[in-house]
Amino acid sequence: MKIACFGAGQIGSAFIRGVLKSQIVRPENLLVKGGKSGTAEALQAELGFRLVRNVADLTDCDVVCIATIPSVIPSILKELKGNLGQNTIVLSLATSPSIAVLQSALGSHSLVARAIPNTPIQVLAGMTGVSYGKNCQTTHKETVQALLGSLGQALEVPEEKLGIFGTVAGCGPAFVDVFIEALADASVLNGLSRKEAYKIVLQMIQGAATLAQESQTHPAVLKDQVCSPGGSTIRGVAALEENGFRNAVIQAITKANIH
Ligand SMILES: NC(=O)c1ccc[n+]([C@@H]2O[C@H](COP(=O)([O-])OP(=O)(O)OC[C@H]3O[C@@H](n4cnc5c(N)ncnc54)[C@H](OP(=O)(O)O)[C@@H]3O)[C@@H](O)[C@H]2O)c1
């Protein structure tokens, strides 16, 4: 697969690291274009992909990704128009503009998709939502699915659901990081070293998620299984409820989802 990526910031660099790590793209088949502050050049020195010297070099790309802030996208679309192959898919990773706007800027026959990835894509544990423009056929979807699927899981959703998908999958890691830190603080308060605390907490969270995923068991059932009558776990659960844990999480997602 040959791909290009415009933008090598937070999400662009996570994407670039992920596709190289998964080996779905070889460094010589990955072309990157950055902005003015040299982030793409710095990453190129570390990872060895190619820099875009001329947009005309992109005509034989399978996918051209756009991972910049939305305000620079109109100028990128102008550069791309007329320089894309018949089967090149433009895949925007930005929160806006919409597929309709991308398509009208690139032409009515253009192949356009939007995806909202999260930063765990760089360690191939991502969760990415993807929506396709009307010109994308099964083969185009298969190409994008192979690319995004190599970074973890990728799920096709209608475009109107990309916002909440991105909030849960994209903001969620930061909320989990706060939870991890709080668990580690509590562990240290109760006698563990910081190093021991993080080792235990990270493996515990990964294990709990893997168990829920692989057993396909409802989280309430998994919780009930470890709450013995009058035991320590149910006392901890009661303390979480007393302090509004569920409501805090629901409010965090709801507030983050205001666009
Ligand atoms: N961060 C996340 O977790 C996340 C998750 C999902 C989606 N997104 C979306 O991804 C997009 C990028 O977010 P980010 O956090 O990665 O932003 P960022 O860290 O600010 O990175 C933006 C990148 O765009 C480059 N750039 C600017 N102008 C350019 C141009 N004309 N051509 C090519 N590259 C150009 C910048 O290069 P220079 O630094 O050299 O100027 C920089 O590498 C946003 O739309 C965001 O909503 C982010």
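The following exchange concerns how the two domains of this predicted model meet.

Student: Where do the domains lie along the chain?

Tutor: Residues are numbered from 1 along each chain as its sequence is written, and side-chain values use heavy atoms, with hydrogens and water left out. In this predicted model, local features need pLDDT of at least 70 and side-chain atom pairs count only at pLDDT 80 or more, while totals for chains, interfaces and linings use all residues. The bounds come from an automatic or database domain assignment. That assignment gives domain 1 (3-157) and domain 2 (165-256).

Student: How much area do domain 1 and domain 2 bury between them?

Tutor: Buried area is the accessible area (1.4 Å probe) that two parts lose on being put together, summed over both. Carbon and sulfur atoms carry 75% of it here. The total is about 480 Å².

Student: Which three residues supply 50% of the area that domain 1 buries against domain 2?

Tutor: No other three residues of domain 1 supply more of this area. They are Ile116, Asn118 and Met127.

Student: How many salt bridges are counted between domain 1 and domain 2?

Tutor: A salt bridge needs a side-chain nitrogen of Lys or Arg within 4 Å of a carboxyl oxygen of Asp or Glu. Between domain 1 and domain 2 the count is zero.

Student: Which element supplies the largest share of the side of domain 1 that touches domain 2?

Tutor: Strands are DSSP runs (E, at least two residues), numbered from the N terminus. Both β7 (126-132) and β8 (152-156) supply at least two residues of that side. The largest share, three residues, comes from β7.

How values were computed. Helices (H or I, at least four residues) and strands (E, at least two) are DSSP runs, numbered from the N terminus.
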